[in-house]
Amino acid sequence: MIDAALTQLFPHSATVALAGLYLAHDLRRLAGAQPFVYANFVASLDGRIAVPDMVKGGLKVPMNIANARDWRLFQELAIQADLIITTGRYLRDYAAGKAQEILRVYDDPRFTDLKAWRTAHGLTPQPDLVVISSSLDFPVPDALTQGGRRVLIVTDGRAAAPRIRELEAQVGQVFVAGNSQVEGRRFVELMAGQGYRIIYSAAGPKIAHMLLADGVLDRLYLTQVSRVLGGAPFSSIVEGPLLARAIDLPLRTLYYDAASEGFPGQLFGCYGKK
Ligand SMILES: NC(=O)c1ccc[n+]([C@@H]2O[C@H](COP(=O)([O-])OP(=O)(O)OC[C@H]3O[C@@H](n4cnc5c(N)ncnc54)[C@H](OP(=O)(O)O)[C@@H]3O)[C@@H](O)[C@H]2O)c1
């Protein structure tokens, strides 16, 4: 399955391999004076990135659009980062056993080549992690700090001081980047001050909104699976107030991953000015 080739549709047509596809985007060359920030989603044709979890409650990535080929590309994006963004909500779901594993994927034998890629590029074994949360209401799983990675927490002026001190003792530094919520630009500037140049959002639509609203999201990677899900409630790729200015993200590359037995196919798109 991982071996099947893809058709590149834009900017020119070609047959390309899946493995190495997004490594070839060579994101580490794109940071300039400001960090390079990118996000990734897998969505249905009707724009759903999360649907109700009928067993455990809340929302989750629809299992009928999650797939190994998209997951491989998710990992190729993650491996290139200095820092991965996650959220308080993710850690609550992780503790409840209902989150997709993003904290320990580097133990996964499917991705040993990606581990080697980081070593060859002189990078730490895995990217550092930043948790964005207003509430600071999440348990800290062991997997968060395993492997010697640095964990940062970014919150806003609503966070309670005793909880901040508790997390600092337990996990790592807690930063405040906004009054009523974390603001995208302040967040990115703070992270730049900590030496991070390549920042990947593995988080959801509120973080995407936070980054877009402040004009700090450079690229969106969007996988669109040829399947319609319907249903409500659901999440799409951006959630929050109407953006003061619509944000243009021109198409950079588009690949067609053909239908196969039991799977309707998907498009891997990459959008952004940089
Ligand atoms: N299909 C996909 O590709 C995909 C990708 C990512 C996520 N998802 C799904 O999307 C849903 C939501 O994901 P998510 O919770 O990771 O992301 P999110 O909706 O972007 O973020 C939600 C949480 O992050 C914190 N947060 C977000 N913006 C903030 C801000 N400006 N200031 C302070 N805190 C902020 C809050 O944490 P606190 O509540 O702790 O304050 C909030 O509950 C989940 O169901 C997930 O499975 C799907």
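This dialogue goes through the ligand site, a pocket and two single residues of a predicted model.

User: What should I know before reading the values?

Analyst: Residues are numbered from 1 along each chain as its sequence is written, and side-chain values use heavy atoms, with hydrogens and water left out. In this predicted model, local features need pLDDT of at least 70 and side-chain atom pairs count only at pLDDT 80 or more, while totals for chains, interfaces and linings use all residues.

User: How many residues surround the ligand, and which are the closest?

Analyst: A residue is near a molecule if one of its heavy atoms lies within 4 Å of it. Here 25 residues surround the ligand, and the closest are Val42, Arg89, Arg92, Ser133 and Ile207. The shell has 13 nonpolar, seven polar and five charged residues; Ala, Val, Leu, Ile, Met, Phe, Trp, Tyr, Cys and Pro count as nonpolar, Asp, Glu, Lys and Arg as charged, and the others, Gly among them, as polar.

User: Which helix or strand gives the most to the shell around the ligand?

Analyst: Helices (H or I, at least four residues) and strands (E, at least two) are DSSP runs, numbered from the N terminus. α7 gives the most, with four residues. At least two residues each come from β3 (36-44), β5 (59-60), α2 (88-95) and α7 (205-213).

User: Which atom of Arg92 lies 2.7 Å from an oxygen atom of the ligand?

Analyst: A polar contact is a pair of N or O atoms within 3.5 Å; within protein, one must be able to donate a hydrogen and the other to accept it, and residues adjacent in sequence count only if both atoms are side-chain atoms. For Arg92 it is a polar side-chain atom. Gly204 has a polar backbone atom 2.8 Å from a ligand oxygen.

User: What does the lining of the second largest pocket hold by class?

Analyst: Rolling a probe the size of a water molecule over the atoms shows where empty space is left. A pocket is an open set of points on a 1 Å grid over the protein atoms alone, where a 1.4 Å probe fits, with protein on both sides within 12 Å along at least five of seven lines; lining residues have an atom within 4 Å of a point. This lining has 11 nonpolar, three polar and five charged residues. α7 gives the most to it, with four residues.

User: Are Ser235 and Ala258 buried or exposed?

Analyst: Buried means under 20% relative accessible area, exposed over 50%, partly exposed in between (1.4 Å probe, protein chains only). Ser235 is buried because its relative accessible area is 8%, and its side chain makes a polar contact with that of Glu239 (3.0 Å). Ala258, at 41%, counts as partly exposed.
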